[in-house]
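The following exercises ask the reader to locate residues, judge their burial and trace their contacts. Each task is followed by a solution in steps.

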Amino acid sequence: MVITDGPVITCAGPYRPELIPAGCPLIPVSGGWIWPGLIDIHIHGIGGFDVMDGDAGSLAAMARQLVQHGVTGFLATTMAAKMPELVRVCRAARAVAAGPPPAGAELLGIHLEGPWIAPKCRGAQRKEGIAPPSLAAAQQLLGEAGGLLRLVTLAPELPGAMEVIEYFREANVRVAAGHSAARYLQVQEAIGRGLSHVTHCFNAMAGLHHREPGLAGAALVDDRLTVELIADGIHVHPAVMGLLYRMKGREKLVLVSDSIGVAGMTDGSYGLGGRTITVQKGEARLADGTLAGSTLTLDRAVRRMVEDCRVPLHEAVAMASAVPAGIAGCGHRKGRLAAGYDADLAVVTRDYRVELVMVRGEIVYRLPSAQAVTGRAGTG
C-alpha cells in the first residue's frame, strides 16, 4: 500500500485500511508489485530521439517514452562532441528544467560522457569529438549546465584528468572513470582525487589481467567505487553480470540502459548522428560491428538480473532506483517508497509489464490494456 498527498508519499507498507484517509481515491493493483520509480543515469536516447539532438523537444519526447518502462527520472547523457554541441545540450536541458514538467520522466540532470576519454577505448564514440581534459572546458560546461551537471565520465590516465577530477569534486559533481585504459594505480590515485564511480563496467575499458587489474579490477575490489552495469546479456555475459553483483552487492551496483535513439524501434538500419546503426535481435551496431550503445530499458534490466543472475527482485529494483538516485544527487527524495519521498512509482505485473506510472503524484502513464486489480506493495 502506498498513500500519497499530492507530490509526496505519506505512507508505504503492508495494506492497512485504517490508515487510508476518508474520501481518498483508490487505485487498485493486484497480481504484481509497486516499485519505486526507476532512475536511468546513463541514457542517450530512445524511440528516435537523442540527447545529442540538442533540442528541448527531443528531451521531452524521451521523457514521455521512458515512463512506459517504469522510469520516472533520468540523466540526459551526452556523447563525446565538440564544445558547441555540448553547450547546446546543456542549454536544451536547462530549458526543459525551467519549463513545465513534461508528462513523463523527470529530467534530473546531465551526465557528461566525454569528450575526455581515451581514443583507443572510445567504443562507438566519435573520434573527432574526443579532447584532452581541460580545466577551462570543465568550468565552461559547469557554467552552461546551470546546476544540472550531476555526473562526468572521463579517462583518469589522460594528462590533466586529475585536475579536472578535483575541480568537479569541489563543485559537488560526481566523477566516473570510463572509456579508459587506466592502470590500477592510476585509478587509485584518481579515487584519492575524488573519483567515485565507474561507467558501464567491463565495456570500453581494458580487460582484467592477473598482473595488471586496471580499471576493471579496481571496479571489482574497491568499495569506494559504485559501478554501472548494462544488464542486457549482450554487453556483459550473464555469468559476469552475476560476478559483478556478488562482488559489489546491491548498494554499489547501478543498472543503466546506455540506450541510444534506436531503442524501442524494430530491427533495421537507421541514420543516427551521421552514422548508420543496424539493429538486429536487440543489438545495435555500427557498420564495423562495434556495439553502439544498447536498446535496453531499465524494466528489462531488472528482469534480467532476477532471471539470469537470481538476484532478489527487491535488490534488482534498488539497483535501478535507490542506488542511482544517490548518484544523481537526489537520494534523499527519490528512489524509495517511503514517507517524505517524492510520489514516483510504477505498478508492474508479475510478467514485468509496466501498467501505471506516477511522477510526483501525477499519473503520467497507463498501459492501454491494463486491467484494474488489487494487491501488495513492494518497497524495493
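**Exercise 1. Describe the place, the burial and the contacts of G114 in this predicted model.**

Solution.

Step 1. Locate the residue. G114 belongs to the loop that runs between β8 (106–113) and α3 (135–145).

Step 2. Judge the burial. The relative accessible area of G114 is 0%. Buried means under 20%, so G114 counts as buried.

Step 3. List the contacts. When neighbours within four places in sequence are left aside, G114 is in contact with T78, A80 and T153.

Step 4. Compare sequence and space. G114 and L158 are separated by 44 residues in sequence, and their C-alpha atoms are 12 Å apart.

Step 5. Examine the peptide bond. The bond from G114 to P115 is cis, with omega near 15 degrees. P115 is also placed in the loop between β8 and α3.

**Exercise 2. Determine whether H179 is buried or exposed, and identify the backbone oxygens that its side chain reaches.**

Solution.

Step 1. Locate the residue. H179 is found in the loop between β10 (174–177) and α5 (184–193).

Step 2. Apply the cut-off for burial. H179 has a relative accessible area of 4%. Since buried means under 20%, H179 is classed as buried.

Step 3. Find the backbone oxygens. A polar atom of the H179 side chain lies 2.9 Å from the backbone oxygen of C121. The side chain of H179 also reaches the backbone oxygen of R122, at 3.3 Å.

Step 4. Widen the view to contacts. Residues up to four places away in sequence are not counted; H179 then touches several residues, including E113, I117, A118, A155 and H200. C121 and R122 are also among the residues that H179 touches.

**Exercise 3. State the sign of phi for H200 and for D258, and give the burial of each residue.**

Solution.

Step 1. Consider H200. The phi angle of H200 is near 25 degrees, a positive value in a residue other than glycine. H200 lies in the loop between β11 (195–198) and α6 (214–221). With 3% relative accessibility, H200 counts as buried.

Step 2. Consider D258. D258 is not a glycine, yet its phi is positive, at about 55 degrees. Its place is the loop between β13 (253–256) and β14 (268–272). With 7% relative accessibility, D258 counts as buried.

**Exercise 4. Classify the partners of three salt bridges by accessibility, and name the network to which one of these bridges belongs.**

Solution.

Step 1. Recall the principle. Side chains of opposite charge can pair when their charged atoms come close. A search of the whole structure finds 20 salt bridges.

Step 2. Take R16 and E18. Their side chains meet in a salt bridge with an N to O distance of 2.9 Å. R16 is partly exposed at 42% relative accessibility, whereas E18 is exposed at 54%. The cut-off for exposed is over 50%.

Step 3. Take E128 and R126. In this salt bridge the closest N and O atoms are 2.7 Å apart. E128 is partly exposed at 46% relative accessibility, and R126 is partly exposed at 27%.

Step 4. Take D342 and R333. Their side chains meet in a salt bridge of 3.0 Å, N to O. D342 is buried at 11% relative accessibility, while R333 is partly exposed at 25%.

Step 5. Follow the shared partners. Salt bridges with partners in common join E106, R333, K334, D342, D344 and R360 into one network.

**Exercise 5. Identify the nonpolar surface patch that contains L243, and the ring cluster that contains Y352.**

Solution.

Step 1. Locate L243. This residue is in helix α7 (residues 238–248).

Step 2. Judge its exposure. L243 has a relative accessible area of 34% and is partly exposed. A patch requires residues with over 30% relative accessible area, and the value for L243 is 34%.

Step 3. Name the patch. V221, L243 and M247 form a nonpolar patch on the surface, with about 240 Å² of accessible area together.

Step 4. Turn to the rings. A pair of aromatic rings is described by the distance of the centres and the angle of the planes. A search of the whole structure finds five aromatic pairs. Ring pairs link Y352 with W33 and W35 into a cluster.

How values were computed:
Residues are numbered from 1 along each chain as its sequence is written. This is a predicted model: local features need pLDDT of at least 70, side-chain atom pairs count only at pLDDT 80 or more; totals for chains, interfaces and linings use all residues. Side-chain values use heavy atoms; hydrogens and water are left out. Patches are made of residues with over 30% relative accessible area and no salt bridge: like charges are joined within 9 Å, nonpolar side chains (Val, Leu, Ile, Met, Phe, Trp, Tyr) within 5 Å. Accessible areas come from the Shrake-Rupley method with a 1.4 Å probe; for residues, only the protein chains shown count as cover. A salt bridge is a side-chain nitrogen of Lys or Arg within 4 Å of a carboxyl oxygen of Asp or Glu. Helices (H or I, at least four residues) and strands (E, at least two) are DSSP runs, numbered from the N terminus. Buried means under 20% relative accessible area, exposed over 50%, partly exposed in between (1.4 Å probe, protein chains only). Rings of Phe, Tyr and Trp (its six-membered ring) pair if their centres lie within 6.5 Å; planes under 30 degrees apart count as stacked, over 60 as edge-to-face and the rest as tilted. A polar contact is a pair of N or O atoms within 3.5 Å; within protein, one must be able to donate a hydrogen and the other to accept it, and residues adjacent in sequence count only if both atoms are side-chain atoms. Contact means heavy atoms within 4.5 Å.
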